[in-house]
Every structure is written in C-alpha cells, then in structure tokens.
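Biologist: Could you take me through this model? I should like to begin with the terms and then move from the overall fold to single residues.

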Amino acid sequence: MRILSGIQPSGALHLGNYFGMMKPAIELQSQGEAYYFIADYHSMTSLFDPEARRRYTLEVALDFLACGLDPRRAVFFRQSDVPEVCELTWLLGTVTPMGLLERCHSYKDKIAKGISPNFGLFAYPVLMAADILIYDSNLVPVGQDQKQHVEVTRDIAAKFNDTYGPTFVIPEPLIRAEVAKVPGIDGEKMSKSYGNTIEIFGDENVLRKKIMSIKMDSRTPEEPKPDADRNLAIQLMKLVAPPEEAQRYEERLRAGGLGYAELKRALFGFYWEYFAPARKKRAELAANLDYVEQVLREGAARARAKAREVLDRARRACGLS
Ligand code: ATP
Ligand code: MG
C-alpha cells in the first residue's frame, strides 16, 4: 500500500496541520510505503516572496521531522524536486472538465476571503491529482477541507482511464472525524492563510498570547455553560491534554464557576507540554541542517524514480512518444 500526503510551505505549521494531517501520516508511516512531500509548487498560488518560501520550506522539513516523520520509513521530499509532476498536471488537465474545478469549495472559500485568484489557484486540484497519481498512491491522509480535492483526483483518474485505458490507481482519502476540522482562535477552520493559527513551534510568549486571545462569549464565569463541549478552548484542550483532564475542565465549565482566563492558561500549559519532546528534537535538527538537506535530496531521488515510471506509463497511454 502506498500512502501519500503533502503540506504547503505557505506559513508556519499549526495545530490543524498537525492533528489533521501530520500525526495521522506519521502513525501510518510503518503501515506501507509512505511518500510525504513539501508542496512548494502549491505554495506559489498564494505566496509570492521567494525568501519566505525558502524559509518556510526548511521550517516545514524541521517541523515534520521533529514531530516524528522517520526518513528511514517514509520518503520525504520537496515537490519541486520532482518536476515530472508538472508534466503530468498538463496531461490530466486536458481530461479535466472545467465544471469540476469550478465547484471546488477551497477555491470558492479563498475567493470569498478576498484572496485574488490566479490560474494556479484554480488549477490547484489538478496539480494535487498529479501529486497523488504519479506515485500510484492508494491512501491519502488529509483534513476535511481536502476531501473534495481527493474526490476530484478520483474523477480525473477515472476520466483518464476511460479515455486512454487503465493507467492510474484510484486513491482513497483517509479523514479522522475527531480532527477533521481543527478550529482556529476565531472559530473558523485553522488555516495558515486566515491568520487564526496556533503554531506547533514558536516563541513561548507569543504563543501564550495567542491562546489567551481565543474567542469566547461574554457570559460571566459563574453562569453554567451547557454548551461547554462547543467552547473553542475545550475543543483544543481535547487534542493536547490527557482525556480525563480535558473532561474535568469541560465539566467545570458546564457547571459554572470556571473563568475563561484560567481555562486558557490551563490549555496553554497542556499544549506547551504536549510538544516539549518535539521542541527538543527540533532544536537538535536545526543545528544539523546538512542532515535535513540530505534527507530531502535522498527522498527526492527515490520519489523521482517512481514518478518517472508512472509518467512514462501515462505518456504511452495517450500517444506521446
Ligand atoms: P493554506 O491556508 O495556505 O491553505 P493550510 O493551513 O490549509 O494552509 P495546507 O498546507 O493547505 O494548510 O494543508 C496541509 C494539510 O493539513 C492538509 O491535509 C489539510 O487538510 C490539513 N489541515 C489544514 N488545516 C486543517 C485544520 N484546521 N484541521 C484539520 N486539518 C487541517
Ligand atoms: Mg489549505
């Protein structure tokens, strides 16, 4: 079984990325042949600062390795080190109905947020289909926001197979319900491009302030809160605290008498402790960047060999020499 997942170097990685995609991907790395990549081509649809792209790419590599991606098990690489994926994007684009892309929520949501769309953002799902299909991937661990894109990938693969004969493996998304959509500090989906993130790593005081600024309602501490399970701090606490601790805070909130400041301070404590081992590992990796670069280079060589094989299969199928 081949497992594939990618993450954009479009900003610092956050709890949504970690629980929605990185943690499941890391847990799956010994279950099959895992291919995990830094989606630097994808980041070009929304980030136009080359220095920032270089910096975020390195940071994503450090973050993923620090969180437990094991390069002896998983093939870890930069998307743009396998330019074959761009050629496959063209081949796939020619069998992709416009309507399929026009219906994509992620594209529509980004426009609604005032992000001015370019052709790349519109074509993003076709590049993503190429990412998945070029490695004959079977399973794609993603957050809920990417479910539709995996469905689009399946449609494109089926269309190509129909048109030119059996060529691509049809992949399945893997979405864990409990972390499908981690909320940001404003209650919307936590997203690098929405400015509502809690990063996995960073300065302690900055992160404490962010957690203290999580949106709450205006009820007094004394009031009982029957909807305690919908409280943002409680939802996030369930991800990073031992279950019985999170349960205890939820019950105190429900009963009334727990202030929001105390709740958020406790959340910060659990969160800071949860990532302590990864933080230590990250500092070690940051002092050994040659190793990180070597991991990505070796990953790219392995990924590229597989990509070449599938691209050649696709070229032959559609009559290119
Ligand atoms: P951008 O805002 O630039 O799109 P992003 O924060 O959405 O960035 P991506 O790189 O697009 O991050 O997504 C990487 C992976 O993380 C995807 O599998 C995506 O589904 C998952 N993911 C992102 N945000 C969340 C979230 N809030 N909850 C669960 N999964 C998420
Ligand atoms: Mg996204």
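Modeller: A term is needed before the helices are named: helices are DSSP runs of H or I with at least four residues, numbered from the N terminus. Arg 282, for example, is found in helix H13, residues 276–286. Please keep in mind throughout that this is a predicted model.

Biologist: Is Arg 282 buried, exposed or partly exposed?

Modeller: Arg 282 counts as partly exposed because it has 19 C-beta neighbours inside 10 Å, while a buried residue requires 20 or more.

Biologist: Which residues is Arg 282 in contact with, leaving aside its neighbours within four places in sequence?

Modeller: Arg 282 is in contact with Leu 62, Asp 63, Ala 66 and Phe 201 once those neighbours are left aside. Gly 184 is 98 residues from Arg 282 in sequence, and their C-alpha atoms are 24 Å apart in space.

Biologist: Let us step back. How many helices and strands are there in the chain?

Modeller: The chain has 14 helices and 5 strands. Its division is into domain 1, made of 2–182 + 288–317, and domain 2, made of 202–274. The C-alpha centres of domain 1 and domain 2 are 33 Å apart.

Biologist: What radius of gyration does the chain have, and what would a compact globule have?

Modeller: The chain has 21 Å, which agrees with the value near 20 Å for a compact globule because the chain has 321 residues. Along the principal axes, the C-alpha atoms fill a box of roughly 75 × 45 × 35 Å. Of the 321 residues, 38% count as buried. Among contacts between residues at least 6 apart in sequence, 78% join residues at least 24 apart.

Biologist: Now the ligand. Which residues are closest to ligand 1?

Modeller: Ligand 1 is surrounded by 20 residues, of which Gln 8, Gly 16, Gly 20, Gly 143 and Ser 193 are the closest.

Biologist: Which helix gives the most to that shell?

Modeller: Helix H1, residues 15–28, gives the most, with 4 residues. By residue type, the shell around ligand 1 divides into 6 nonpolar, 10 polar and 4 charged.

Biologist: What does the UniProt annotation for residues 9–17 say?

Modeller: The unreviewed UniProt entry annotates residues 9–17 as "short sequence motif: 'HIGH' region". In the model, residues 9–17 are 33% helix and 0% strand, and the end C-alpha atoms of this stretch are 11 Å apart.

Biologist: Which residue does the "binding site" annotation cover?

Modeller: In the unreviewed UniProt entry, that annotation covers Asp 131. Asp 131 sits in helix H7, residues 119–133.

Biologist: Why does Asp 131 count as buried?

Modeller: Asp 131 counts as buried because it has 27 C-beta neighbours inside 10 Å. Apart from neighbours within four places in sequence, Asp 131 is in contact with Gly 6, Gln 79 and Val 85.

Biologist: And what is notable about the phi of Asp 136?

Modeller: Asp 136 has a positive phi of about 50° although it is not a glycine. Most residues other than glycine have a negative phi. Asp 136 lies in the loop between H7 and strand E4, residues 139–141. With 18 other C-beta atoms within 10 Å, Asp 136 is partly exposed.

Biologist: Let us turn to two prolines. Where is Pro 171?

Modeller: Pro 171 is in the loop between helix H8 (147–164) and strand E5 (172–174). Since 22 C-beta neighbours lie inside 10 Å, Pro 171 counts as buried. Not counting residues up to four places away in sequence, Pro 171 touches several residues, including Ile 132, Asn 138, Val 150 and Arg 154.

Biologist: Is Pro 226 buried or exposed?

Modeller: Pro 226 is exposed, because just 11 other C-beta atoms lie within 10 Å and the limit for an exposed residue is 12 or fewer. The place of Pro 226 is the loop between helix H9 (204–212) and helix H10 (232–240). Pro 226 and Ala 255 are 29 residues apart in sequence, with 7.7 Å between their C-alpha atoms.

Biologist: One last residue: where does Met 212 lie?

Modeller: Met 212 lies in helix H9. With 15 C-beta neighbours inside 10 Å, Met 212 counts as partly exposed. Met 212 and Arg 265 are 53 residues apart along the chain, and their C-alpha atoms are separated by 7.1 Å.

How values were computed: Residues are numbered from 1 along each chain as its sequence is written. Chains are lettered from A and ligands numbered from 1 in the order in which they are written. This is a predicted model: local features need pLDDT of at least 70, side-chain atom pairs count only at pLDDT 80 or more; totals for chains, interfaces and linings use all residues. A residue is near a molecule or strand if its C-beta atom, placed from the backbone, lies within 6 Å of it. Ala, Val, Leu, Ile, Met, Phe, Trp, Tyr, Cys and Pro count as nonpolar, Asp, Glu, Lys and Arg as charged, and the others, Gly among them, as polar. UniProt positions are given in the numbering used here, feature names are shortened, and annotations may be inferred rather than shown by experiment. Two residues are in contact if their C-beta atoms, placed from the backbone, lie within 7 Å. The radius of gyration is taken over C-alpha atoms; the globule rule is 2.2 Å times the number of residues to the power 0.38. Domain bounds come from an automatic or database domain assignment.
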